[in-house]
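Open the model in your viewer and keep the selection box at hand. This tour moves from stop to stop and says what to pick at each one.

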Amino acid sequence: MNRIYLLLRTQIINYFSLNEMKQSKNKKEMIIIVGLSLAMLLIFFCIYNVLTAQALARMGEQDLIPAYMVAVSSFATLILTMLRSNGILFGSRDMDMLLALPVKLHELISSKFLFMYLLNFIFSFLFMVSGGIVWIMHTPWDILQFALYFISIFFVPFIPMCLASFIGLLVVLASSHFKNRNIFSLIFSFAALGLIGYISYLGMHSGNNIEDLGAMLASQVTGLYPLSKLFLKHTVFPASVGLGIFIAISAFVFVLFIRLVSVKYDTLNALASTSSKYTAGGGAGIKKQSQFAALYKKEFGRFFNSYMAVLNTGLGVIMLSLFSICLLIMPLDRLGQYVGIEDMNGFLSTYAPILIAAMLSLSCPAASSISLEGKNIWILQSAPVSVRQILNSKLAVNLTLHGFAYLLAVASIMVRLKMNLFQNVSVLLIPIAYSVFTAVFGIALNKKYPNYAWGNEMIVVKQSLPVIVTNMVCMTTVALPVLLHWLLPVSIISLAWIIAVIIFIAAIIMYQRTCRATFI
């Protein structure tokens, strides 16, 4: 157990770059930024959960609160673990060093799985505690049931994590048989995400024909995550027994998964770490290119060769592209039924610029592009190119990805929707301002807070300071017009224009200041 703790402690220090943060010249500034980001995230989750739980209580369905919190937090854990399991549990670059240590294989796997557990537990804890407080306030006192509910918080992430890791394992095994392993890994991963989303959609809409409100909500919640049914009151056994069964099942699945994976872990990790089972034949001739073109091609190739980068930073672009395709081929009324919106034409005519901007803001490869250079940063530092050219090549990759999804979205919206001239111009220009701001703000932060001493791409792609702050700030700018529209008697498009102009000017200023640097 002591060795598992030491391995876990080392992973936490390396993953969050705690030593680098302590030794940084901007230590206080980094602590303030991280603290504000975490505080904003904490407040958002707590407010959302409390409002949702209070809504259920006002409908007289307070008994559904525990099941709802478990279902939503488990589904989120499943998705989040799928996005990171093949970078932490499988395919980690530090495995050669760790396997040489005098530790048992199951201890190594347990430490990595517990590390993923801690990342997901924080989310589940925030989700279930805030909702659980509202539930206790509207439920007759039952000390045993309350105690088991809060104990179950520690067990909720286990099953969705095991399921997501198993799916990641299948992706590793399936993609290892293809020449372009990264491409097929992405295809299989997005196919798995789409399948899970479709199954959850069918489960949540399975009770729409039930007339009783409580039975309908219970059917939808348990359809999202069937094991949440154990948190509901039953006629066969009391709710406390269901909570106990849930805890036992979760612990059993966790132990079983660790034991099964330990059998062939070294082989599975080797499959996840190798770039391909095949080697490319033949050599290409050397072509003369401009400095920008060479840097752009290098950056573009590295992005698509990184499974983690595409899966995490390209998700918004892919979601926007899929939505645009659905908008082109599906009737508006049917698409509205799927997403729960009656007047799809009116909704998109008003919110299309915000929707496109939100999806583009989710994809910011520039926020980790400098850190991904890693120990090879000296190549760029010694190359006869200016800082402006290096930054431009990285920004160009980000804007190219945005441009593909943006053009597809704008084309589909203008073809299918009936909008006036002002709405058409808004759809064209507002997302551009958000796209430019997202890319420039991300690379400016990464230029100021780089991390070259990483051992796993996931550290800089998903959990680094520039990525977290960029996502938080960009989504705040997206949500700001909506929030102001609720508070002020001003149209949401007008507010979106004001915010877009402000952030576009801010992006120009940040770009000029960042390019003045003489050293990358």
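**Starting at a buried glutamate**

Select E373 first. With 6% relative accessibility, E373 counts as buried. Keep in mind that this is a predicted model.

Now add K394. The two residues form a salt bridge, and the closest N and O atoms of K394 and E373 are 2.9 Å apart. This pair links distant parts of the chain: K394 sits in helix α20, while E373 lies in the loop between α18 (366-369) and α19 (377-382), 21 residues away. Is K394 buried or exposed? K394 is buried, at a relative accessible area of 3%.

**A second partner for the lysine**

Stay on K394 and add E299. K394 also forms a salt bridge with E299, where the closest N and O atoms are 2.8 Å apart. Here too, distant parts of the chain are linked: E299 belongs to helix α13 (residues 291-304) and K394 to helix α20 (residues 387-416), with their positions 95 residues apart. E299 counts as buried, at 6% relative accessibility.

Which residues complete the network? Add K298 and R302 to the selection. K298, E299, R302, E373 and K394 are linked in a network of salt bridges. Side chains of opposite charge can pair when their charged atoms come close.

**Across to the N-terminal helix**

Next, select R3 and E107. Their side chains meet in a salt bridge, at 3.2 Å from N to O. R3 is in helix α1 (residues 2-15) and E107 is in helix α6 (residues 105-137), so the pair links distant parts of the chain, 104 residues apart. Compare the two ends. E107 is buried, with a relative accessible area of 5%. R3 is partly exposed, with a relative accessible area of 38%. How many salt bridges does the structure hold? There are six.

**A helix pair**

Two packed helices are described by the angle between their axes and the distance between the axes. Show helix α8 (residues 158-175) and helix α11 (residues 239-263) together. Their axes come within 8 Å and cross at roughly 30°. An angle under 35 degrees counts as roughly parallel, so α8 is roughly parallel to α11. The crossing of the two is left-handed.

Now display the side chains at the contact:

- From α8, pick F158, I159, C162, S165 and F166.
- From α11, pick I249, S250, V253, F254 and F257.

These two sets meet. What kinds of residue make up this contact between α8 and α11? Eight are nonpolar, two are polar and none is charged.

**A serine in α9**

Move to S200. Its place is in helix α9 (residues 181-204). S200 counts as buried, at 9% relative accessibility. Setting aside residues up to four places away in sequence, S200 touches F75 and L224. Add V221 and check the C-alpha distance. The C-alpha atoms of S200 and V221 are separated by 9.8 Å, and the two residues are 21 apart along the chain.

**Zooming out**

Clear the selection and colour by secondary structure. The protein chain has 24 helices and zero strands. Of its 520 residues, 50% count as buried. Look last at the contacts in the chain with a separation of 6 or more. Residues 24 or more positions apart account for 82% of them.

Terms used:
Residues are numbered from 1 along each chain as its sequence is written. This is a predicted model: local features need pLDDT of at least 70, side-chain atom pairs count only at pLDDT 80 or more; totals for chains, interfaces and linings use all residues. Side-chain values use heavy atoms; hydrogens and water are left out. Axes are lines fitted to C-alpha atoms, for helices over the stretch in contact, and angles run from 0 to 180 degrees between N-to-C directions. Helices (H or I, at least four residues) and strands (E, at least two) are DSSP runs, numbered from the N terminus. Angles under 35 degrees count as roughly parallel, over 145 as roughly antiparallel, 65 to 115 as roughly perpendicular and the rest as oblique. A crossing is left-handed if the near helix is turned anticlockwise from the far one by less than a right angle, and right-handed if clockwise. Contact means heavy atoms within 4.5 Å. Ala, Val, Leu, Ile, Met, Phe, Trp, Tyr, Cys and Pro count as nonpolar, Asp, Glu, Lys and Arg as charged, and the others, Gly among them, as polar. A salt bridge is a side-chain nitrogen of Lys or Arg within 4 Å of a carboxyl oxygen of Asp or Glu. Buried means under 20% relative accessible area, exposed over 50%, partly exposed in between (1.4 Å probe, protein chains only).
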